[in-house]
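Colleague: I would like a close look at a single part of this model. Please take one strand and work outward from there.

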Amino acid sequence: MEEFFKVTPMDKVFQYMSRFTVMGAEKIALHQANGRILAENIIPESNYPEFNRATMDGYAVKAESTFGASEANPVYLTLSGTIAMGEIPSSAIRTDETMAISTGGMLPDGSNGVVMREYVTEIDAATIEIVRSIAPWTNVIMVGEDMAAGEILLPSGTRLRPQACGTLAALGRHHLQVFKQPRIGIISTGDEIIPIERKAAIGQIRDVNTYTLSAMIENCGGIAESYGIIGDDSQRLKSACLKAMEKVDMLLLSGGSSVGTRDMTIEAITALPDAEILVHGIPLSPGKPTILARSGNTQIWGLPGQVTSAMIVFNRIVRRFIEHMAGLDNPAGISSIRIPAVLTRNIPSTPGRTDYIRTRLVADGNQYMAEPILGKSGLINTMIKADGLIEIDMNTEGLEKGAVVHVLLFT
């Protein structure tokens, strides 16, 4: 099966995303929306706010009437009324008048600013003294300043955050259209893999990958479903794949993707209906023997069995495919955030592949230091200690201590 193992550059791998369709839409309630991806454009039907609104307690004024006001030269205005929360002012104000107003209150006609209470003294029931001038529209949110009618406020493909959910509440959107969450099946392979509740004998390993991959799937908006552990048997693996593919949109096979003894993964995949191997090998470390295939419309990944390798391949590559399927407008945008830091030691690298180095960030004054965490791909503790990854380009032969690097943050 070694004829399949011809590495595919990462940029070519990402081109295969277009081969897989985006999920359909579904209607959900707003209280279920956090973290989901919009399948419609959110366009306000009216301006928000619909009236000029005070942003703090004070006095509504015509700003020009306060010009020149100071402690030595105060301005005196006639207090013509009070505006309660939720109340429409009963009248407009003239240049020499003012009305008391609370935060969120509607400004009366004729006013274009609010003077804070701290700069006002009530001389008597009908007169106030102002000792600070304001510019027009100070302490005011103007009509449509927050959200303008007819403009796209949240485009389709946006992942909803708490602030977006609050915005939708302000617009009265108690239901909305979002993309369905892709269902991702996970099968762990290998005679040495056992369920986590069992005691591991010599040569056995508990099934770690199902749990790390499930958590990563959920973090990027998918629904993880485990289909158990399959030993090194291509027929059993094929049967497990067929069962999973009845319900999932993507299938992750953990283990069995390295050259030689693990070729049973390729055998199982190629035996599936309408199967095609798209990628078998990517020039990155760790994770070179990664497989991307399809069976019909189902996307299939063969990930390395070593836990760190599987997590890094998921973080840098598979995540983007899931987010694409989930309808996200900018797949992996958040996971591509890079923090500049100063490298604390030399890092060797092999040209011809992209190396990902697990890294801890340590604050040092007004900068970060990047401390590489070196270790074999089977050591999960290196991922626990790491805050992100340093990416060493395939054309770069190592990095020197003191160099400024850009750490890709884990999300």
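Which residues point one way from β18 and which the other way, and are they buried or exposed?

Modeller: Keep in mind that this is a predicted model. In β18, Ile-291, Ala-293 and Ser-295 point one way. Leu-292 and Arg-294 point the other way. All of them are buried. In a regular strand, side chains alternate between the two faces of the sheet. Five of the five residues of β18 are buried, so the strand is largely enclosed by the rest of the structure.

Now the neighbours. β18 runs antiparallel to β16, and five bridges join the two. One pairing to look for is His-280, which stands opposite Ile-291 of β18. β18 also pairs with strand β19, residues 298–303. That pairing is antiparallel too and covers five bridges. Here Ile-291 has Gly-302 as its bridge partner in β19. The link between β18 and β19 is a hairpin with two residues between the strands. Gly-296 sits in the turn, with a positive phi of about 65°.

Next, the charged residue of this strand. Arg-294 forms a salt bridge with Asp-274, at 3.1 Å from N to O. Arg-294 lies in strand β18 (residues 291–295), while Asp-274 lies in the loop between α5 (264–270) and β16 (275–280), so the pair ties together parts that are 20 residues apart in sequence. The relative accessible area of Arg-294 is 17%, so this residue counts as buried, the cut-off being under 20%. The contact is part of something wider. Arg-19, Asp-274, Glu-276 and Arg-294 are joined into one network by salt bridges that share partners.

The structure holds twelve salt bridges. Another one joins Arg-36 and Glu-26, whose closest N and O atoms are 2.6 Å apart. Arg-36 lies in the loop between β1 (25–29) and β2 (53–54) and Glu-26 in strand β1, so this pair ties together parts that are ten residues apart in sequence. Arg-36 is buried, at 11% relative accessible area. Glu-26 is partly exposed, at 28%.

A helical case follows. Glu-323 and Arg-319 form a salt bridge of 3.0 Å, N to O. Both lie in helix α6, four residues apart, or about one turn of the helix. An α-helix has 3.6 residues a turn, so residues three or four places apart point the same way. Glu-323 is buried, with a relative accessible area of 2%. Arg-319 is buried as well, at 8%. The helix around them is covered too: 18 of the 19 residues of α6 are buried, so α6 is largely enclosed by the rest of the structure. Helix α6 (residues 307–325) has a kink of about 50°, centred on Phe-314. Just after α6, Gly-327 takes a positive phi of about 95°.

Finally, the whole chain. There are seven helices and 24 strands. The radius of gyration is 30 Å, well over the 22 Å that the globule rule gives for 411 residues, so the chain is more spread out than a compact globule. Its C-alpha trace spans about 90 × 50 × 40 Å along the principal axes. Buried residues make up 46% of the 411 residues. Among contacts with a separation of 6 or more, 72% come from residues 24 or more positions apart. The chain exposes about 19,700 Å², and carbon and sulfur atoms supply 50% of that area.

How values were computed. Residues are numbered from 1 along each chain as its sequence is written. This is a predicted model: local features need pLDDT of at least 70, side-chain atom pairs count only at pLDDT 80 or more; totals for chains, interfaces and linings use all residues. Side-chain values use heavy atoms; hydrogens and water are left out. The bend at a residue is the angle between axes fitted to the seven residues ending there and the seven starting there. Buried means under 20% relative accessible area, exposed over 50%, partly exposed in between (1.4 Å probe, protein chains only). A salt bridge is a side-chain nitrogen of Lys or Arg within 4 Å of a carboxyl oxygen of Asp or Glu. The radius of gyration is taken over C-alpha atoms; the globule rule is 2.2 Å times the number of residues to the power 0.38. Contact means heavy atoms within 4.5 Å. Accessible areas come from the Shrake-Rupley method with a 1.4 Å probe; for residues, only the protein chains shown count as cover. Two strands pair if DSSP finds at least two bridges between them.
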